[in-house]
Amino acid sequence: MDYSPILCEIKNETAIVTINRPDALNALNREVISELTNCLRKLRRDNSLRAVILTGAGEKAFVAGADVKAMAKMDPTEARYFAKIGQNLTKLIEGFNKPVIVAVNGFALGGGCELVLACHIRIASENAKFGQPEVGLGLIPGFGGTQRLPRLVGRGIATELIVTGKIVDANYAEKIGLVNSVVPQKNLLETCETMAKQIAKNSPLAVKLSLDAMHHGLELTLDEALNYEASEFGFIFNSHDMKEGTTAFAEKRKPDFKGE
Ligand code: CO8
């Protein structure tokens with residue numbers, strides 16, 4: 001399954017999706033956003049997949065932001081539409097039914113950093129750089145950065161990053177919890193693929209419901225969210241996977257999960 005400027009390779013029940021516009025450091029224009037959205041919608045329906053890895057083409061950039069040259073020509077209506085399709089993409093990723101691991105292989109700036117924020121698991125290469133430089137362009141983060149960055153790293157650090165527009169390195173990003181871990185660039189994809197394989201050993205249904213409980217729970221009060229978790233916990237007791245997982249444990253064998 002190939003898309004241009006989005007590439008998609010299926011490997012070991014994992015889809016590796018590459019944003020493929022290296023000449024512009026994989027900057028997000030309408031075409032990239034639409035094609036990535038279409039690709040992910042297809043992957044969402046594919047029950048044979050257990051995880052998605054999202055990365056950028058080349059060794060320099062994951063995504064160096066929204067396409068500044070295209071934005072310079074937009075009127076307010078087009079800009080609103082552009083923000084909306086970008087936000088819809090980030091919502092699609094955040095609510096995805098399989099874990100989305102982002103392999104941040106270089107610059108993740110502006111809309112690129114916001115794309116990273118929407119992913120479930122974030123792994124960076126040592127050369128990765130992060131920032132929300134929008135204010136220096138007379139813009140504000142418009143793909144969810146003002147909302148997701150403070151939720152992830154806390155309001156104080158997020159404010160500092162957004163209002164200074166400064167660019168930080170991968171080790172700092174790890175220190176503030178913006179990424180889970182940092183690895184040499186040559187090991188980046190392999191690290192993400194190993195994680196995807198580890199995910200694939202588990203019940204697809206349990207993984208999906210865990211993602212769903214975290215995703216919805218964060219929008220609720222703690223009491224509401226705990227009720228939501230308890231409902232899903234009860235629901236899963238009707239599943240093949242729960243019976244298989246607990247029986248396999250007692251029988252000291254590997255479970256054969258079916259995702260139902
Ligand atoms: N948009 C368009 N083209 C880009 C972008 C970008 N964001 N980033 C890089 N490019 C292009 C360059 O123009 C250049 O193209 P060309 O060779 O045709 O001149 C090519 O990619 C290579 O880039 P550089 O030569 O600049 O490479 P350097 O190594 O010298 O610098 C940097 C790398 C530091 C990453 C530099 O390219 C840069 O500063 N890029 C812009 C970073 C930025 O400001 N990103 C934030 C953009 S704003 C944003 O993302 C808002 C999101 C919310 C939108 C809300 C909707 C309205």
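This text walks through two sheets, a ligand site and one histidine. The model is predicted.

Start with the sheet of six strands. It is open, its order is 1-2-3-5-7-10, and its pairing is mixed. Strand 1 (6–11) and strand 10 (181–183) stand at the edges. Each has a single partner strand, so one side of each is left without a neighbour in the sheet. On average, neighbouring strands here are turned by 20° against each other, direction ignored.

Now look at strand 5, which covers residues 100–104. In the strand order 1-2-3-5-7-10, strand 5 stands between strand 3 and strand 7. Strands of a sheet pair through backbone hydrogen bonds, either parallel or antiparallel. Strand 3 (residues 51–56) pairs with strand 5 in the parallel sense, over four bridges. Here leucine 54 has valine 102 of strand 5 as its bridge partner. Strand 7 (residues 121–125) also pairs with strand 5 in the parallel sense, over four bridges. Two residue pairs help to locate this contact. Isoleucine 101 has isoleucine 121 of strand 7 as its bridge partner. Alanine 103 stands opposite isoleucine 123 of strand 7.

What do the side chains of strand 5 do? Val100, Val102 and Val104 point one way. Ile101 and Ala103 point the other way. All of them are buried. Buried means under 20% relative accessible area. With five of its five residues buried, strand 5 is largely enclosed by the rest of the structure.

The other sheet has four strands. It is open too, with the order 4-6-8-9 and mixed pairing. Strand 4 (61–63) and strand 9 (167–169) are at its edges. Each of these two has a single partner strand, so one side of each is left without a neighbour in the sheet. Neighbouring strands of this sheet are turned by 20° against each other on average, direction ignored. Strand 4 and strand 6 run parallel and are joined by two bridges. In that pairing, alanine 61 has phenylalanine 107 of strand 6 as its bridge partner.

Turn next to the ligand. Which residues come nearest to it? Of the 25 residues around the ligand, they are Lys60, Ala66, Val68, Lys69 and Gly111. By class, the shell holds 15 nonpolar, four polar and six charged residues.

Backbone atoms also face the ligand. A polar backbone atom of alanine 64 is 2.9 Å from a nitrogen atom of the ligand. For alanine 66, a backbone N or O atom lies 2.7 Å from a ligand oxygen atom. At valine 68, a polar backbone atom is 2.9 Å from a nitrogen atom of the ligand. How much of the ligand does the protein cover? On its own, the ligand has 1,100 Å² of accessible area, and the protein covers 66% of that. Several elements give two or more residues to the shell. They are helix 2 (68–72), helix 3 (76–94), strand 6 (107–109) and helix 4 (111–118). Strand 6 thus appears in this shell and in the order of the four-stranded sheet.

Finish at histidine 240. This residue lies in helix 11 (residues 240–250). Is histidine 240 buried or partly exposed? With a relative accessible area of 28%, it is partly exposed. The reasoning is short: partly exposed is the class between under 20% and over 50%. Serine 203 is 37 residues from histidine 240 in sequence. In space, their C-alpha atoms are 9.7 Å apart.

Notes. Residues numbered from 1 in each chain as written. Predicted model: local features only at pLDDT ≥ 70, side-chain atom pairs only at ≥ 80, totals over all residues. Heavy atoms only, no water. Near = heavy atom within 4 Å. Polar contact = N/O pair within 3.5 Å; in protein donor to acceptor, adjacent residues only side chain to side chain. Areas by Shrake-Rupley, 256 points an atom, 1.4 Å probe, with all protein chains shown as cover. Nonpolar A, V, L, I, M, F, W, Y, C, P; charged D, E, K, R; others polar. Buried < 20%, exposed > 50% of the residue type's maximum accessible area, 1.4 Å probe, protein only. Pairing = 2+ DSSP bridges. Axes fitted to C-alpha atoms, helices over the stretch in contact; angles between N-to-C directions.
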